[in-house]
Amino acid sequence: MMGKWMMIHSWLAAVFILLVAFASTANPVSAQNTGGWKPDQRVPGYSSDTFTPVLVADQNRTVHAFASQWVDYGERQLVIVYRRWSLAGGWTKPVDILLPPAGEAQIQAAFLDSTGMIHVIFWAGSAQDAYIYYSKAAVVNADQGSAWSAPVAIGERAVEPVSASLSGDDQGNLIVIYNGNIDGAGVYEVHSKDSGITWSRSQPVFNSEDAGLMPYSLRL
C-alpha cells in the first residue's frame with residue numbers, strides 16, 4: 001500500500017514540475033499585435049491650428065477629408081477645406097471649398113451616399129446667432145469649390161460648444177442632430193427625404209431642462 005502511495009506521489013510531483021516548466025517558458029498573455037497600425041506622423045499640408053478633419057472613405061479605397069482651416073483672404077477667415085488620400089497618390093493639397101455665410105465655418109460631419117454624392121454639415125455664425133448649414137457635391141468633383149451647392153441654413157439657434165452629426169440611407173433620407181437652444185438647451189433634429197433638396201423644421205429630441213447643461217459629442 002505504501003508503495004502505491006509513493007508511486008502516486010511521484011507521479012503528481014512529476015506533473016507539477018512539468019506544469020511549472022511550461023508556465024515559465026510560455027509567452028505572457030497580451031494583446032495580439034496585428035501590425036496594422038503604422039507609427040503616427042503629421043499629415044502634410046495642414047496648418048498647426050487646423051481643426052480635426054472629418055473623414056469619409058469610399059469603396060475605391062479613397063479617403064475624403066474635410067477640415068476647418070484659417071486662410072487669409074485679406075483678412076483671416078475660418079473656411080472648410082477638402083483633400084483626399086489614396087494608396088497610390090497619398091494626400092492631395094487642401095482646397096478651399098466652402099466659405100461661411102457668416103462668422104466661422106466649423107465642419108461637423110460628412111456622409112457619402114450610394115449615388116456618389118457627399119453631404120456635409122457645418123456650424124457658422126456667432127455665439128448669439130448661429131445655424132447648422134448644409135451643402136453637397138458629387139464625390140468626383142469634391143475638390144472643386146464650384147461643384148458644391150450653396151450652403152443652406154437647416155438648423156436654427158445652434159449653439160457653442162458646437163456638436164452636430166449627420167447620417168442617411170440609400171433611399172435619399174438624411175438626418176441631422178445638433179445642440180441648440182430653440183425651446184431650451186438640448187438636442188434638435190432636422191431631416192430630408194429627398195437627398196437634401198428640402199428640409200424639415202427643427203424639432204426637439206431632448207431638453208436638458210437646464211440652460212447651463214448642453215449636450216455634446218453627438219453621434220449618429
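What is the volume of the largest pocket? It comes to about 510 Å³. Before going on, please keep in mind that this is a predicted model.

I'll stay with that pocket for a moment. The lining of the largest pocket is made up of 22 residues. Those nearest its centre are Val 54, Ile 107, Gln 108, Ala 164 and Arg 219. Three elements give two or more residues to this lining: β1, covering 54–57, β6, covering 104–112, and β10, covering 164–168. Of these, β6 gives the most, with 5 residues. By residue class, the lining divides into 15 nonpolar, 6 polar and 1 charged.

Now the second largest pocket. Its volume is about 370 Å³. One part of its lining comes from Lys 38, Pro 39, Gln 41, Arg 42, Val 43 and Pro 44, and the remainder from Val 63, Trp 85, Leu 87 and Trp 91. Here the division is 7 nonpolar, 1 polar and 2 charged.

Next, the aromatic residues. How many aromatic pairs does a search of the whole structure find? The search returns 6. I'll take two of them.

The pair I'll start with is Phe 66 and Trp 148. Their ring centres are 5.8 Å apart and their planes stand at 90°, so this pair is edge-to-face. Phe 66 sits in strand β2, residues 63–72, while Trp 148 is in the loop between β8 (130–138) and β9 (152–155). The two are 82 residues apart, so the pair links distant parts of the chain. Are these two residues buried or exposed? Phe 66 has a relative accessible area of 0% and is buried. Trp 148, at 7% relative accessibility, also counts as buried, because the cut-off is under 20%.

The other pair is Phe 122 with Tyr 133. This one is stacked, with 5.6 Å from centre to centre and 15° between the planes. Phe 122 belongs to strand β7, residues 117–125, and Tyr 133 to strand β8, so the pair ties together parts 11 residues apart in sequence. Both Phe 122 and Tyr 133 are buried.

Back to Phe 66 and Trp 148 briefly. Together with Tyr 82, they form one aromatic cluster.

One last contact, this time between a charge and a ring. Which residue lies over the face of Tyr 46? That is Arg 83, at 4.5 Å from the ring centre.

To recap: the two pockets I described have volumes of about 510 Å³ and about 370 Å³, and the search of the whole structure gives 6 aromatic pairs. That's what I have on this model.

Definitions and conventions
Residues are numbered from 1 along each chain as its sequence is written. This is a predicted model: local features need pLDDT of at least 70, side-chain atom pairs count only at pLDDT 80 or more; totals for chains, interfaces and linings use all residues. Side-chain values use heavy atoms; hydrogens and water are left out. On a 1 Å grid over the protein atoms alone, a cavity is a set of points where a 1.4 Å probe fits but cannot get out, and a pocket is an open set with protein on both sides within 12 Å along at least five of seven lines; lining residues have an atom within 4 Å of a point. Grid points are joined across faces, edges and corners, and a volume is the space filled by probe spheres set on the points. Helices (H or I, at least four residues) and strands (E, at least two) are DSSP runs, numbered from the N terminus. Ala, Val, Leu, Ile, Met, Phe, Trp, Tyr, Cys and Pro count as nonpolar, Asp, Glu, Lys and Arg as charged, and the others, Gly among them, as polar. Rings of Phe, Tyr and Trp (its six-membered ring) pair if their centres lie within 6.5 Å; planes under 30 degrees apart count as stacked, over 60 as edge-to-face and the rest as tilted. Buried means under 20% relative accessible area, exposed over 50%, partly exposed in between (1.4 Å probe, protein chains only). A charge sits over a ring if NZ of Lys or CZ of Arg is within 6 Å of the ring centre and within 35 degrees of the ring normal.
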